[in-house]
Amino acid sequence: MTYRKIAGAAALLTAAALGLTVPSPARAAASATTCGSAATVKETLPNGTTWQLCWRIHDKAGLVLTQVYVSTKLQPEPVQVLDSIRLAQLHVPYDTGDVEYDDLTDIGMGGYSLESLDGDDCKGGSARQGSDGSAEPAQRKVLCVSAEPSGLAYRAREESWGENGPEPGTLYSRQGHDLVLRTISKLSWYEYVTEYRLHDDGQISARLGATGDLAPGFEADAARGWPVGSGDAYKAAMHYHNAFWRVDFNLDGKGGEKVQQYDTKLDGQGEMTAKVKTTRTDITTEGAFSKVDQRWWRLASRSSANADGHPRSYELVTGANDRYQGHPETKPDVTFSEKSLCEKWASGNDSDPECPPDIRTVVDFVKDKQTLTDPVMWVRVGFHHVPRDEDQSPMPMHWQGFDLVPRDFTAMNPLTPDGRTGQNGNPEPSAEPEPSGVQPSGSRG
Amino acid sequence: MIHHRKWGWGLGVATASAVTAFGVASWQANAAPATPTPTVAAERATVSDPQPVPEAATGSGNDALTSSEVQRARAIALTPQLAADAEDVTGKAGPEYLSAEVDPEAGGREAELYFYDYRSEKLFKQVVDLKAGKLVNSFSAAGMQPPASEQESRTALELLIADPAGDTLEESYRAATGKALNGIEGLVPTAHVYTAGPADKGAEKCGRNRCVQLIVATADGRFLSAGEFIIDLSGRTVARLK
């Protein structure tokens, strides 16, 4: 038996064991592609997870992913995660205050900026051909699709107690993989890599890589530049890459997710150490929000639950993030707005004659504090680039981005090995279970 | 025989959160290598590698517009009135064609085409229903400036070279190549659309007018000095930012 066959058989058995519904014809139809075969990516990773999506190139946004579905070994029917994900702006201001670019709306990541894959751009992967999205579209090899190892996905060794004491039992240890989608845009000296990593555990990582070369001739004083080259005659100007993404979830094809913020704080003293409390705040109206220590957000389905009866959701996980204080729209970390076809770009949005001219940035999107019934999430991740000698040349790739992590999207770890499928819930049930779950603290907009 | 299940659970949870934390940490510039060294025997993961197929005449659903769809949409979008009344960046009759994109929210195959009219200084959006083969909507507005077309980049470069401000570019070209500049030959322009901010002096009309900032490279990738100039394509002037 090949690996795939074993995985398939195991998946069926597991689905039955967990009481999951068998895929019905109706559900299969719901996951049907809404694009042609050339624009479809459907790949199965070694752990049995299949990602399926449509891609296209937009002249401003560059790579756009739509109708993103995932199915796993334990959940063989495809379930939709995203309606779409794409870049929503790349704002590059220099610390000298002399120049700033809104790269998506001033020049665009697609069209003539989009590079055809060459050299090692797609080594080990499949270079897919499609339209470059330009005014006179050309068919070019622009999307790299590859499967890459992501390290140890999990490890657990069970211990048994034998006649002579502890004995090693079953070892569960598996390598994880990501399905990686990448395009490259050359905006003069800088080259940007738009990358989406679809992990086999359901996580989606969005990131932007920057390489190419430092802007030539952008000189600055010591407070705004860093010496590159011999001595300190030439100081290359520091600058920001403020990237925005537009994320539109459509969990299980139902849409209309709830937005929830969670905060964790000290809460008095326990018997041994401090007590800590995590509270939920429902975000019911449009707004812009920023991270504080131990704060996070999730989008939760109102009508789709996993097999444990928990609402399916995805959590926004952000990491390194420099905040550019120069504009109101580059300050919030995340903005939740009610979906509107006139809200396309995090800044420079006043570019569609069909739409109001005064809706320029994400800040304007949420000014009227509409009730959120179909939320769109705008994620900002900034990187303050202080040049260094190593940036010449070409510049080593620097990355910025965020993770979308499944939270109760499936009833168990989607990679759970066969021997562990029975371990769902309290491993040592007590007569009177403790109340569980985070209690709400109120709501805000 | 007693199974220490509780142990297994504790480990499982710890491992999952460690992986997430690593994912974020590894994105930080200057951090450890982005791809962790696999610590277990790696399986060779592969993806399918389909042969490219010829471009379809029409797309479906969320597909990008095909070449022939764009061609058809352009013919429909360019109404006789727009063709007669509007002007492109070179002053010829007919608007400057900028871009075409699919509107997947429309349900069918709808194309949105953007044109700029240098006579009225307005951006036009023409919405074409490809199935019905007709113009279904038309919008126009002043003060909206999407990215430049290739013809606009080229025209901006010509204006810069013809202007006294272009001397800097010529000197920079001579220094880089040892040769004299011959028009725009051998130059690769990249145009950023420029809109004046409240504090910008020297090119205040930009935004109402259509302006660009150029990055100019030689064919072999050497960058020339041009960034300090704003080329006003509407006014056909070159300004230096103060």
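**Group meeting: chains A and B**

Okay, let's start with one pair: B:Glu105 and A:Lys339 have their side chains joined in a salt bridge, at 3.7 Å from N to O. Keep in mind that we're looking at a predicted model. That pair sits in a bigger count, since the rule picks out four salt bridges across the interface of chain B and chain A. If you go for polar contacts instead, you get 18 residue pairs across that interface, with both partners at pLDDT 80 or more.

So which parts of chain B touch chain A? On the helix side, α1 (5-25) and α2 (67-77) each give at least two residues, and so does each of the strands β1 (96-102), β3 (122-129), β4 (134-142), β5 (187-194) and β6 (211-218). The largest share is from α1(B), with ten residues. By type, that side of chain B splits into 40 nonpolar residues, 24 polar and eleven charged.

Now the overall numbers. The contact involves 87 residues of chain A and 75 of chain B. Together the two chains bury about 6600 Å², and 57% of that is on carbon and sulfur atoms.

Last thing, a helix pair inside chain B. How do α4 (150-162) and α5 (166-177) cross? Their axes come within 6 Å, at roughly 95°. An angle from 65 to 115 degrees counts as roughly perpendicular, so that's what we call α4(B) and α5(B). From α4(B), the touching residues are B:Leu157, B:Leu160 and B:Ile161, and they meet B:Gly166, B:Leu169 and B:Glu170 of α5(B). That makes four nonpolar residues, one polar and one charged in this contact.

Methods:
Residues are numbered from 1 along each chain as its sequence is written. Chains are lettered from A and ligands numbered from 1 in the order in which they are written. This is a predicted model: local features need pLDDT of at least 70, side-chain atom pairs count only at pLDDT 80 or more; totals for chains, interfaces and linings use all residues. Side-chain values use heavy atoms; hydrogens and water are left out. Contact means heavy atoms within 4.5 Å. Buried area is the accessible area (1.4 Å probe) that two parts lose on being put together, summed over both. A polar contact is a pair of N or O atoms within 3.5 Å; within protein, one must be able to donate a hydrogen and the other to accept it, and residues adjacent in sequence count only if both atoms are side-chain atoms. Helices (H or I, at least four residues) and strands (E, at least two) are DSSP runs, numbered from the N terminus. Ala, Val, Leu, Ile, Met, Phe, Trp, Tyr, Cys and Pro count as nonpolar, Asp, Glu, Lys and Arg as charged, and the others, Gly among them, as polar. Axes are lines fitted to C-alpha atoms, for helices over the stretch in contact, and angles run from 0 to 180 degrees between N-to-C directions. Angles under 35 degrees count as roughly parallel, over 145 as roughly antiparallel, 65 to 115 as roughly perpendicular and the rest as oblique.
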